[in-house]
Amino acid sequence: MNSAPTPPLTSPAAFGTVVFDIDSTLSGIEGIDWLAARRSSEVAHAVLDLTARAMDGSLAVENVYARRLALIRPSHYELDALIHAYVANTAPGALALLDQLRRAGVAVIAVSGGLREACMPFCATLGFAAADVHAVSIRFSADGSYEGFDEASPLTRKNGKPELVRALAVPRPLLAIGDGITDLEIKTAGEADLFAAYAGFIRRPAICAQADRTITSMADVLPLVFPVIK
Ligand SMILES: [Mg+2]
């Protein structure tokens with residue numbers, strides 16, 4: 001009598017929480033760079049250079065945050081357009097992965113140094129509750145022009161992500177996933193138990209070298225969270 005092959009047994013989730021970065025991780029764009037690309041080529045290049053140096057760790061995030069926004073001065077209208085760009089560039093398989101994690105009782109949160117007014121609606125399309133999305137608020141004047149950002153947010157400075165994650169007191173063990181130094185910091189500061197560098201959109205060698213794992217797709221997250229029982 002033939003019997004159907006037995007599917008491999010998977011263990012319960014190995015992590016209580018998965019923390020996702022947004023820019024170049026849940027979505028294939030860098031929001032700040034996308035906004036800068038709508039300015040002169042001088043501004044766009046200056047911002048791109050600052051972002052790349054901040055994410056590979058050669059410049060401190062707090063030294064570039066205000067400078068980039070002061071160069072761009074994004075309008076309310078442009079933030080709305082950025083939401084659509086985030087959605088159009090959603091990482092393949094992200095929604096299915098997030099659903100699977102949630103069904104298994106794993107807490108999923110998004111922690112970003114990006115702009116909250118664009119990150120929040122994008123993450124809503126991936127099923128995130130507003131309380132589970134953490135990013136930096138931006139302020140506009142009554143006419144929709146740029147006025148400033150939340151300078152008190154820990155997410156605008158070095159070790160801001162681990163500081164925020166610690167304050168959330170989410171279930172451990174914790175898996176952090178992202179492409180940049182600010183994501184790696186969650187692990188080096190002791191708030192993550194495993195750090196997976198996400199190189200599905202951009203590979204930053206300095207980050208991959210220090211990561212516990214380097215992954216190139218959302219599908220790669222599953223065997224990390226649900227190890228197969230041999
Ligand atoms: Mg990123």
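In this predicted model, the exposed residues Ser41 and Glu42 sit on the face of helix 2 that is turned away from its buried side. Helix 2 covers residues 41-55 and has 15 residues. At 1.5 Å a residue, a span of 21 Å is expected, and the end C-alpha atoms are indeed 21 Å apart, so the two values agree. The buried residues of helix 2 are Val47, Leu50, Thr51, Ala54 and Met55. Seen down the helix axis, these buried residues fall within an arc of 120°, so they line one face of helix 2. An α-helix has 3.6 residues a turn, so positions three or four places apart point the same way. The cover over the buried residues of helix 2 includes helix 1 (31-36), helix 3 (61-72) and helix 8 (181-188).

Glycine 57 follows helix 2. Its phi is positive, near 90°. Leucine 59 lies in the loop between helix 2 and helix 3. Leucine 59 has 17 C-beta neighbours inside 10 Å and therefore counts as partly exposed; 20 or more would be needed for a buried residue. Leaving aside neighbours within four places in sequence, leucine 59 is in contact with Leu50, Arg53, Ala54 and Val64. Two of these partners, Leu50 and Ala54, are among the buried residues of helix 2. Leucine 59 and lysine 158 are 99 residues apart along the chain. Their C-alpha atoms are separated by 9.9 Å.

The strands come next. Strand 7 (residues 174-178) is mostly covered, with five of its five residues buried. Leu174, Ala176 and Gly178 point one way from strand 7, while Leu175 and Ile177 point the other way. In a regular strand the side chains alternate between the two faces of the sheet. Strand 2 (residues 17-20) is joined to strand 7 by four bridges, and the two run parallel. Within this pairing, valine 18 has leucine 175 as its bridge partner, and phenylalanine 20 stands opposite isoleucine 177.

Strand 2 is covered on both faces. Thr17 and Val19 are buried on one side, Val18 and Phe20 on the other. Four bridges also join strand 2 to strand 3 (residues 107-115), again in parallel. Here the bridge partner of phenylalanine 20 is alanine 110. Phenylalanine 20 thus has a partner in strand 3 and another in strand 7.

Strand 7 also pairs with strand 8 (residues 194-198). The two run parallel and are joined by four bridges. Alanine 176 has phenylalanine 195 in strand 8 as its bridge partner. Strand 7, helix 8 and strand 8 make a right-handed β-α-β unit. Helix 8 of this unit is also part of the cover over the buried residues of helix 2.

The largest nonpolar core has 62 residues. Those with the most contacts inside this core are Val18, Val19, Ala110, Cys119, Leu175 and Ile177. Leucine 175 and Ile177 point the one way from strand 7. Val18 and Val19 belong to opposite sides of strand 2. Leaving aside neighbours within four places in sequence, leucine 175 is in contact with Phe15, Val18, Ala192, Asp193, Leu194, Ala196, Leu224 and Val225. One of these contacts, Val18, is also the bridge partner of leucine 175.

How values were computed:
Residues are numbered from 1 along each chain as its sequence is written. This is a predicted model: local features need pLDDT of at least 70, side-chain atom pairs count only at pLDDT 80 or more; totals for chains, interfaces and linings use all residues. A nonpolar core is a set of buried Ala, Val, Leu, Ile, Met, Phe, Trp, Tyr and Cys residues joined through C-beta atoms within 7 Å. A residue is buried if 20 or more other C-beta atoms lie within 10 Å of its own, exposed if 12 or fewer, and partly exposed in between; C-beta atoms are placed from the backbone. Two residues are in contact if their C-beta atoms, placed from the backbone, lie within 7 Å. The expected span of a helix is 1.5 Å times one less than its number of residues. The arc is that of the directions from the helix axis to the C-beta atoms. Two strands pair if DSSP finds at least two bridges between them. A crossover is right-handed if, with the strands pointing away from the viewer, the path from the first strand over the helix to the second runs clockwise.
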